[in-house]
Amino acid sequence: MIIRKRLAAAVCSALLVTLTGGLVPAAAFADSGGSADEPAAKEAPKVELVLDVSGSMRARDIDGQSRMSAAKQAFNEVLDAVPEEVRLGIRTLGADYPGKDQKKGCKDTRQLYPVGELDRTEAKTAVATLAPTGWTPIGPALLGAADDLEGGNATRRIVLITDGEDTCAPLDPCEVAREIAAKGINITIDTLGLVPNAKMRAQLMCIAEATGGTYTSVQHKEELSDRVGQLIDRAAEPVVTPVATQGADRCEDAPQLKAGLYTDREAFGEHRWYRVDLLPGQELRASVSIAADRAVNRDYGVLLRASTLHGREIVRGEAAGDGRTDVVSTGLRHPKPVIDDADADDVEPAAETICLRVSNSFSAPASVKTAPGLPVELTIDVVDGPRDAADVAFLGLGRGWWLLGLLTLAGFVAGLLWGWISRWRIAVWRTN
């Protein structure tokens, strides 16, 4: 035990030294003033909370109090915890018009507090004045929130809190979310439903999935404040910011991609091409996910194919779905061998262009709109390739046949060994 502890301590110390050695020069460089190549200061993330203030928010079914009271208390807790760097705004829907005129009711959305530096007292005072009033114009509210967040390259997030489905058809809020996503302005919409209603749940999930957001059902005040706080923190510290791109009809015209996360839209049954340059000794790792953000027919698939500029297929990844999931994903790996030529040291290695084709076999019922296309998320990573034949990926064990044969042989040997042990135990038991 003592030896193990000492070994663990030694490994941790070595790791710390390695990290420190890599970080100190960077810090020293920063202290020295840097250079003109330093990246520009990061823009402050923007978040707009969109709150349903329709008449149904009077219902008293959240911890013994009305939905509106629970939402106000949750907002007060959230506003106290908003990070300083976040630019926060609040928009309402259904807060002002109490009448029965649908045309007027569907225009009832306004910005309660502008997106900017947060004055917590002022924002709380504005929320305290709200009272359940009118309709539920979710679509117009989302359009207004998108306009409120317009401009700049900051992380932008809309958090919609509602207790019912939209009442302003034919302006479908799911279609509105798809239009916002199709603009390529990188706005994520997260939705929170205060009532476990199947129809409302389907609508809010569609809105969230159209923009890469999340849907959450909340039935308690603590859940609401916790979830809204999490989403604001996520905007403040995003893991990866996707880059909008547009694939081409052929590899020659495809966009050149580097390592990163990319988003696109692909029509039903379409092929889209992208290009990646790969040097000798590097390995390409790519994955793609396509979301069914609307009703689609059962039985669909996604194909990710890597080929040369001349059309020779290198490797492919494919996956199929049967309607049980809204997202289908697949991936591939392609290592490019190191040049072994003795004269290679005198020649700079040339990069090989890898053509990536993303294809799908989705189809939709006749009543479903097919435009804009389905949301695509493409991940590209270029790493150092395997250096020797002992590498699993290099041997092809992860590509199917080697791994299947190895597992079959191991299972056969294990079965024989277990059978022999069982017979020996029975024989000993009978003898004794």
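# Strands, pockets and unusual angles in a predicted model

Q: In this predicted model, how many residues of strand β1 are buried?
A: Strand β1 covers residues 46-52 and is mostly covered. A residue counts as buried under 20% relative accessible area. In β1 the count of buried residues is 7 of 7.

Q: Which residues of β1 lie on the side opposite to Lys-46, Glu-48, Val-50 and Asp-52?
A: In a regular strand the side chains alternate between the two faces of the sheet. Both faces of β1 are covered, and the residues on each are all buried. One side holds Lys-46, Glu-48, Val-50 and Asp-52; the other holds Val-47, Leu-49 and Leu-51.

Q: Which residue of β6 stands opposite Leu-51?
A: β1 pairs with β6 over 6 bridges. The sense of that pairing is parallel. Opposite Leu-51 in β6 stands Ile-161.

Q: Which residue of β4 is the bridge partner of Val-47?
A: β4 spans residues 87-93 and runs parallel to β1. The two strands are joined by 7 bridges. In β4, Val-47 has as its bridge partner Leu-88.

Q: Which strands stand at the edges of the open sheet β11-β16-β13-β14?
A: This sheet has 4 strands, with antiparallel pairing. An edge strand here has a single partner, so one of its sides is left without a neighbour in the sheet. The strands in that position are β11 (271-278) and β14 (313-321).

Q: Which residue of β16 stands opposite Ala-306?
A: β13 and β16 are antiparallel partners. Their pairing runs over 6 bridges. Opposite Ala-306 in β16 stands Leu-356.

Q: What is the volume of the largest pocket?
A: The lining of the largest pocket has 42 residues. Those closest to its centre are Thr-211, Gly-212, Pro-242, Thr-263 and Glu-377. By class, the lining divides into 19 nonpolar, 14 polar and 9 charged residues. The volume of the largest pocket is about 1100 Å³.

Q: Which element supplies the largest share of the lining of the largest pocket?
A: Several elements each supply at least two lining residues, among them β6, α6, β7 and α7. β10 (260-266) belongs to that group too. The largest share is 4 residues, and it comes from β10.

Q: Which element gives the most to the lining of the second largest pocket?
A: This pocket has a volume of about 490 Å³. Its lining has 24 residues, and Ala-202, Cys-206, Asp-293, Arg-294 and Ala-295 are the closest to its centre. α6 and α7 each supply at least two lining residues. The most, 7 residues, comes from α7.

Q: How many residues in the lining of the second largest pocket are charged?
A: Asp, Glu, Lys and Arg count as charged. The lining also has 9 nonpolar and 4 polar residues. The charged residues number 11.

Q: What is omega for the peptide bond between Ala-371 and Pro-372?
A: Most peptide bonds are trans. The bond between Ala-371 and Pro-372 is cis. Pro-372 sits in the loop between β16 and β17. Omega is about -5°.

Q: Is Asp-63 buried or partly exposed?
A: Asp-63 has a positive phi, near 55°. Its place is the loop between β2 and β3. The relative accessible area of Asp-63 is 40%, so the residue is partly exposed.

Q: What is the phi of Asp-299?
A: Most residues other than glycine have a negative phi. Asp-299 has a positive value and lies in the loop between β12 and β13. Asp-299 is exposed, with a relative accessible area of 57%. The phi of Asp-299 is near 65°.

Conventions:
Residues are numbered from 1 along each chain as its sequence is written. This is a predicted model: local features need pLDDT of at least 70, side-chain atom pairs count only at pLDDT 80 or more; totals for chains, interfaces and linings use all residues. Side-chain values use heavy atoms; hydrogens and water are left out. On a 1 Å grid over the protein atoms alone, a cavity is a set of points where a 1.4 Å probe fits but cannot get out, and a pocket is an open set with protein on both sides within 12 Å along at least five of seven lines; lining residues have an atom within 4 Å of a point. Grid points are joined across faces, edges and corners, and a volume is the space filled by probe spheres set on the points. Buried means under 20% relative accessible area, exposed over 50%, partly exposed in between (1.4 Å probe, protein chains only). Two strands pair if DSSP finds at least two bridges between them.
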